[in-house]
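This report describes how two protein chains pack together, beginning with one pair of helices and then widening the view. Please keep the sequence and the structure at hand while reading.

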Amino acid sequence: MAPEAVVFYVLASIALIAAVMVIWSRSVIHSAIYLVLTFFCVAAVYVLLRAEFVAVVQVLVYAGGILVLFLFAIMLVNLGDPGGSRVRLHATLSGFIGVSVGGMILYVYSTGRLASALVVNPPAAAGGGNIQLLGAALYRDYLLPFEIASILLLVAMIGAIVLARQKY
Amino acid sequence: MPVPVSHILVFSLLLFSIGVLGVLTRRNAIVILMSIELMMNAANINFIAFSQRLQNMVGQVFGVFTIAVAAGEVAVGLAVVLALFRNRDTVYVDEVHVMKG
């Protein structure tokens with residue numbers, strides 16, 4: 001097996017185990033820590049897939065920004081460790097739904113409609129990464145969506161401030 | 001580097017399923033938001049995998065957009081959780097049934 005494949009499988013396993021621990025651990029702080037582990041593993045997978053810029057953005061925004069936001073919210077809310085809140089009463093039903101959704105998509109995969117020629121190509125342009133290509137695509141072909149995304153972030157920021165204000 | 005795209009898709013599928021399970025089973029609103037982040041990450045992995053497979057930058061562009069939208073979403077979501085905690089003194093979604101006549 002190629003070393004790259006080995007690295008991918010190891011990273012994917014760590015990410016999946018950490019993701020399971022996110023929803024399994026009782027303490028919310030533990031969930032947040034496992035979430036940052038998942039984000040780092042996914043960022044490493046992005047590097048493997050030659051998406052270096054997206055990997056850097058993932059680490060900056062998710063591991064840097066969103067995790068701090070989560071920790072702030074956890075500290076502000078400051079609930080104790082509630083006993084027995086891990087799983088709701090209808091956990092069996094929810095598990096059934098989750099497993100059947102997963103099984104359905106796995107079945108589509110296994111029928112082979114997607115498997116035709118789905119082998120990753122060798123990188124076209126090595127050398128220097130892909131940031132130039134990404135920048136050209138982002139600022140030339142997708143300039144309007146880019147600006148709309150910045151307006152969306154502004155609106156989200158204003159909305160968050162208004163919602164979290166002390167008095168209405 | 002033979003990592004087949006189908007394996008990456010199965011990875012993202014499993015991550016997405018874990019996120020769905022978290023949203024459905026947990027009661028804490030903060031953990032539900034974390035599970036939503038897991039699902040967005042899974043979708044992002046699909047974008048990047050197909051961008052690499054097709055040698056096309058559009059997937060990575062939309063990956064960046066997804067991350068921006070996720071940041072905005074989590075900011076507003078946590079603000080909602082804070083407002084909920086201020087008004088109802090709980091973050092457990094089971095206990096928020098104000099509109100349930």
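In this predicted model, helix 3 of chain A meets helix 2 of chain B through A:Val54, A:Ile66, A:Phe70, A:Ala73 and A:Ile74 on one side and B:Ile30, B:Met34, B:Glu37 and B:Ile48 on the other. By class, this contact consists of 8 nonpolar residues, no polar residues and 1 charged residue.

How are two such helices described? In general, two packed helices are characterised by the angle between their axes and the distance between the axes. The axes of helix 3 of chain A and helix 2 of chain B come within 12 Å and cross at roughly 175°. Angles over 145 degrees count as roughly antiparallel, and helix 3 of chain A is therefore roughly antiparallel to helix 2 of chain B.

The wider interface can now be considered. In total, 69 residues of chain A are in contact with 61 residues of chain B. On the side of chain A that touches chain B, at least two residues come from each of the six helices listed in the table.

| Helix of chain A | Residues |
|---|---|
| Helix 1 of chain A | 3–24 |
| Helix 2 of chain A | 28–48 |
| Helix 3 of chain A | 52–77 |
| Helix 4 of chain A | 91–110 |
| Helix 5 of chain A | 131–141 |
| Helix 6 of chain A | 143–164 |

Helix 3 of chain A supplies the largest share of this side, 12 residues. By class, the side of chain A that touches chain B has 55 nonpolar, 11 polar and 3 charged residues.

The largest nonpolar core has 67 residues, of which A:Val45, A:Tyr46 and B:Ile30 touch the most other members. Two or more residues of this core come from each of helix 1, helix 2, helix 3 and helix 6 of chain A, and from each of helix 1 (5–25), helix 2 and helix 3 of chain B. Leaving aside residues up to four places away in sequence, A:Tyr46 touches A:Ala51, A:Val54, A:Ala55, A:Gln58 and B:Ile48.

Chain A itself contains 6 helices and 0 strands. Of its 168 residues, 24% are buried. Among the contacts in chain A with a separation of 6 or more, 53% join residues 24 or more positions apart.

The confidence of the prediction remains to be stated. The predictor gives the complex an ipTM of 0.89 and a pTM of 0.80. Chain B averages a pLDDT of 88, and 95% of its residues score at least 70. Among the elements of chain B, helix 2 (residues 29–54) has the highest mean pLDDT, 92, and helix 3 (residues 58–88) the lowest, 90.

Key:
Residues numbered from 1 in each chain as written. Chains lettered and ligands numbered in written order. Predicted model: local features only at pLDDT ≥ 70, side-chain atom pairs only at ≥ 80, totals over all residues. pLDDT = per-residue confidence, 0-100. Helix = DSSP H or I, 4+ residues; strand = E, 2+ residues; numbered from the N terminus. Contact = placed C-beta atoms within 7 Å. Nonpolar A, V, L, I, M, F, W, Y, C, P; charged D, E, K, R; others polar. Core = buried A, V, L, I, M, F, W, Y, C linked by C-beta atoms within 7 Å. Buried ≥ 20, exposed ≤ 12 C-beta atoms within 10 Å, placed from the backbone. Axes fitted to C-alpha atoms, helices over the stretch in contact; angles between N-to-C directions. Parallel < 35°, antiparallel > 145°, perpendicular 65-115°, else oblique.
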